[in-house]
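Open the model in your viewer and keep the selection tool at hand. The stops below say what to select next and what is there.

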Amino acid sequence: MNKKSRPAPSRRTFLANAASSGLLIALGKSAALGAEAAAPGAVAPPASSLLPPNFANPADSPIHALLKGIPLPRMVPIETVFDRPVLADIAQALIEKLRASRVLDTIRPGMSIAVGAGSRGIANLPLVTRLLLDELKKIGARPFLFPAMGSHGGATPEGQRAVLARMGFTEEKMGVPIQATMDVVQVGATQDGLPTYVDSIAAAADGIIVVNRIKPHTSFRGKVESGLSKMIVIGVGKQKGAETCHNLGYGRMEQNLVAMCRATLASGKILFGVGLIENAYHETSQVEIVPAAEIETQEPRLLEEARKLMPTVPIQALDVLLIDEVGKNISGTGFDPNVVGRYPTADVTLTDRDPRITRIAVLNITDVSDGNGTGLGLADFTTERVFRKFNFVETYCNLLTSTTATVGKIPMVMRNDQQAIQAAIKTCLIGDQRKVRLARIKNTLSLDRTFVSENLVEEALRNPRTKVVGPATEMAFDAEGNLR
């Protein structure tokens, strides 16, 4: 058979050949699964084949030659004590607040109640949700859970169920059914004509309750940011609601959130919200029950209380910041811009409180994020390990809905942690690299224990709440060049 008459390979054959040759880049789980189905029993390619063929950075590459002489500072572990109000008995606090608010008085035996569960790594969220479900069952209601997470999980019912499961929300653990759909119904519209939507299964219930953390948003400022209003509009409204609210950009986000939440509340579908506030140690410091009629007036006060408890990096002005891990369980933007002073939009004006950091290197993505690399675009350098984990489908569905393209970009990819650190130092615009001002944090939720370069210890100790907890040591790397 000559070339002209040779039939084109089938999609199955193409995917099998691509996988075995190393030409298939990880474009999300759907592509990987397709390749596996195409070649059952085939030997999987090595992890390095997930990198495109034109990516060549072996140990003896010119990139290594440019970076190998960059000096690395000795690092000193420090601890900072933040204000730490914490609920000693979350169950008691929730039940007392439920009874005092009398929000359960309107729920009658036999009523179907939809409880929205989100997609963030919120302290005690499964516990609080389970306690709420138990109280609803005690009064004879028929509660069920539904994913209230906009476009997360690849904007599919199966993907959103999987996100809930990774967070600890299963039917067995919660004791109620979980019902998932991406279908919505319109329940109202703002004065400007923006439609408001509600999950179609939840809309058919006798009432909806939302549970969410209240905190500063990562991309805009307003009297309401992340919290109950946002979950009602963007979470309960699914991908359609999230897209509608985001379409005009973050410059209109506060205005849209308030107006769209007001329109949804007017439908009578929402009964009340459970608002959680966390301290700087990622612990629950406060739980509040907010009746639907009071959400617009009460949430701004709760937001300000949450803002006062936010942790900060130990040094405000840095040449280099190393972030061990980013992920959707840490922040909607992978790492919290409020902590590091890098925001995905121009709609946030830097304040005196914001750090000034020249270079940021992200070293890993949390496993629970399932490859969602939202936030990488705010960093300057990352690693091959991160690139291999990057799930295009999970990330892009999220960002095409939120319209924040910047955070989905991929920074310069270095071979390992050591190269990423050296690249950040090399490009941080200082004359003497031995004097680099460098700090290392685990993530933006864990800032009580951090590492700073030896030359920053005196400055760090100016904060009376900071102390040195170990000697200065060289950075230690494993055989792969990653930090131990």
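A residue counts as buried under 20% relative accessible area, as exposed over 50%, and as partly exposed in between. Those words come up at most stops of the tour.

**Before you start: confidence**

This is a predicted model. Colour the chain by pLDDT: the mean for the protein is 89, and 90% of its residues reach 70 or more. Now select residues 1-49, where the pLDDT is below 50. This stretch has 38 contacts in the model beyond near neighbours in sequence. Where pLDDT is low, the predicted coordinates should not be read in detail. Leave that stretch aside and move on.

**Stop 1: the five-stranded sheet**

Select strands β3, β2, β6, β7 and β8, which form an open sheet in the order β3-β2-β6-β7-β8, with mixed pairing. Which strands stand at the edges? They are β3 (142-147) and β8 (284-291); each has a single partner strand, so one side of each is left without a neighbour in the sheet. Look along the sheet to see the twist, which averages 20° from one strand to the next.

Next, go through some of the pairings:

- Strand β2 (residues 112-117) runs parallel to β6, joined by four bridges. Select I113 and find its bridge partner in β6, G207.
- β6 and β7 are also parallel, paired over six bridges. Here N212 stands opposite G275 in β7.
- Strand β7 (residues 270-278) and β8 run antiparallel, with seven bridges between them. Select L276 and look across to V287 in β8.

**Stop 2: strand β6**

Keep β6 selected and show its side chains. Seven of its seven residues are buried, so β6 is largely enclosed by the rest of the structure. G207, I209, V211 and R213 point one way, while I208, V210 and N212 point the other way. The residues on both sides of β6 are all buried.

**Stop 3: the hairpin of β4 and β5**

Select strand β4 (residues 184-189) together with β5, its antiparallel partner over five bridges. V184 is the residue that stands opposite D199 in β5. The two strands form a hairpin with five residues between them. In the turn, click on G193, which has a positive phi of about 95°.

Now select β5 alone (residues 195-199): five of its five residues are buried. Both of its faces are covered, with P195, Y197 and D199 on one side and T196 and V198 on the other.

**Stop 4: T264 in a helix**

Select T264, which is found in helix α11. Is T264 buried or exposed? At 1% relative accessibility, T264 counts as buried, because the limit for that word is under 20%. Show what surrounds T264: leaving out residues up to four places away in sequence, T264 touches V187, T196, V198, I232, K269 and I270. Among these, T196 and V198 were met on one side of β5.

**Stop 5: aromatic pairs**

A pair of aromatic rings is described by the distance of the centres and the angle of the planes. The structure holds five aromatic pairs, and two of them are visited here.

Select F220 and Y250. Their rings are stacked, at 6.1 Å centre to centre and with 25° between the planes. Where in the chain do F220 and Y250 lie? F220 is in the loop between β6 (207-213) and α9 (228-235), and Y250 is in the loop between α10 (238-246) and α11 (253-266). The two are 30 residues apart, and the pair links distant parts of the chain. F220 is buried, with a relative accessible area of 2%, and Y250 is buried as well, at 10%.

Then select F390 and Y396. This pair is edge-to-face, at 6.3 Å centre to centre and with 70° between the planes. F390 counts as buried at 2% relative accessibility, whereas Y396, at 36%, counts as partly exposed. Add F392 to the selection: F390, F392 and Y396 form one aromatic cluster.

**Stop 6: charges over rings**

Select R84 and Y281. The charged end of R84 sits over the ring of Y281, 3.9 Å from the ring centre. For the last selection, take R440 and F451: R440 lies over the face of F451, at 5.6 Å from the ring centre.

Key. Residues are numbered from 1 along each chain as its sequence is written. This is a predicted model: local features need pLDDT of at least 70, side-chain atom pairs count only at pLDDT 80 or more; totals for chains, interfaces and linings use all residues. Side-chain values use heavy atoms; hydrogens and water are left out. Rings of Phe, Tyr and Trp (its six-membered ring) pair if their centres lie within 6.5 Å; planes under 30 degrees apart count as stacked, over 60 as edge-to-face and the rest as tilted. Buried means under 20% relative accessible area, exposed over 50%, partly exposed in between (1.4 Å probe, protein chains only). A charge sits over a ring if NZ of Lys or CZ of Arg is within 6 Å of the ring centre and within 35 degrees of the ring normal. pLDDT is the predictor's confidence in each residue, from 0 to 100. Contact means heavy atoms within 4.5 Å. Two strands pair if DSSP finds at least two bridges between them. Axes are lines fitted to C-alpha atoms, for helices over the stretch in contact, and angles run from 0 to 180 degrees between N-to-C directions.
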